[in-house]
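Please open the structure in your viewer and keep the selection tool at hand. The stops below go from one selection to the next, with a short account of what is there.

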Amino acid sequence: MNGDQPRGNGAVPPHEDNYTHNIRKDNERRLDRRSFMKTMVGAAGVFAVSTLPWGAIAAKELASPGKKAFPKIRITTLSDLKVGEAAEFAYPGEHDSALLVRLGEGEFRAYQNACTHLKCPVFWSGEKGELVCPCHHGLFDVRTGAPVAGPPKRPLPEIELKIEQGTIYAVGVKRYET
């Protein structure tokens, strides 16, 4: 029997019996290792170039801690907010919820009221004297905005206030410092 003769009924000839007899050999190497690596390096390059503008914006923001321009927005009057009460308002944008708390006769604190854990709304509990995130039982110190209980690790962003002629205004958001 010749080595090129098929064995038995339609069997694969011995010189082709290497477990690859069923591969279509005309298209078996469309994407070899080198082509695959070129494709992956190209994709990584496109990704890197596409993120450059955002990286440049972030680097500029971190390198120049200049003061951002925020609008001056009227919140309420001194007579409308009693000691121990809170008022909700939108700042710096119309969809950014914030909370003003009157702690004493001339003492006010305002924070963006999105929890720093998962952005749940934060509420003022006048009876307990604390800022509460009901989603995961997070608590924040009303005087500093720092977390005191629960999963939040970062303080609430504090809003800068200005009092003019009996009216309380929001004038900025303090930069978060670590």
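Begin by selecting the cysteines: the structure holds one disulfide, a term used here for a pair of cysteine sulfur atoms within 2.5 Å. This is a predicted model, in which local features need pLDDT of at least 70 and side-chain atom pairs count only at pLDDT 80 or more, while totals for chains, interfaces and linings use all residues. Residues are numbered from 1 along each chain as its sequence is written, and side-chain values use heavy atoms, with hydrogens and water left out.

The disulfide joins Cys120 to Cys135, with 2.1 Å between their sulfur atoms, and its turn of -110 degrees about the S-S bond makes the link left-handed. Because Cys120 is in the loop between strand E4 (108-112) and strand E5 (123-125), and Cys135 in the loop between strand E6 (130-133) and strand E7 (138-140), the pair ties together parts that are 15 residues apart in sequence; strands (E) are DSSP runs of at least two residues and helices (H or I) of at least four, numbered from the N terminus. Cys120 is buried at a relative accessible area of 14%, whereas Cys135, at 37%, counts as partly exposed; buried means under 20% relative accessible area, exposed over 50%, and partly exposed in between, with a 1.4 Å probe and protein chains only.

Next, select Cys115 and Cys133. Cys115 is in no disulfide, and the sulfur of Cys133 is 3.7 Å from that of Cys115, its closest cysteine sulfur, which is too far for a bond. Cys115 is buried at 1% relative accessibility, and Cys133 is buried at 3%.

Which residues form the one aromatic pair that a search of the whole structure finds? They are Phe70 and Tyr91, whose rings are 6.4 Å apart centre to centre, with 40 degrees between the planes, a tilted arrangement; rings of Phe, Tyr and Trp (its six-membered ring) pair if their centres lie within 6.5 Å, and planes under 30 degrees apart count as stacked, over 60 as edge-to-face and the rest as tilted. Phe70 is partly exposed, with a relative accessible area of 29%, while Tyr91 is buried at 0%.

Finally, select Arg102, which is found in strand E3 (residues 97-102) and is buried at 6% relative accessibility. Its side chain reaches the backbone oxygen of Leu81 at 2.6 Å, and a polar atom of the Arg102 side chain lies 3.3 Å from the backbone oxygen of Gly104.

Technical notes:
Polar contact = N/O pair within 3.5 Å; in protein donor to acceptor, adjacent residues only side chain to side chain.
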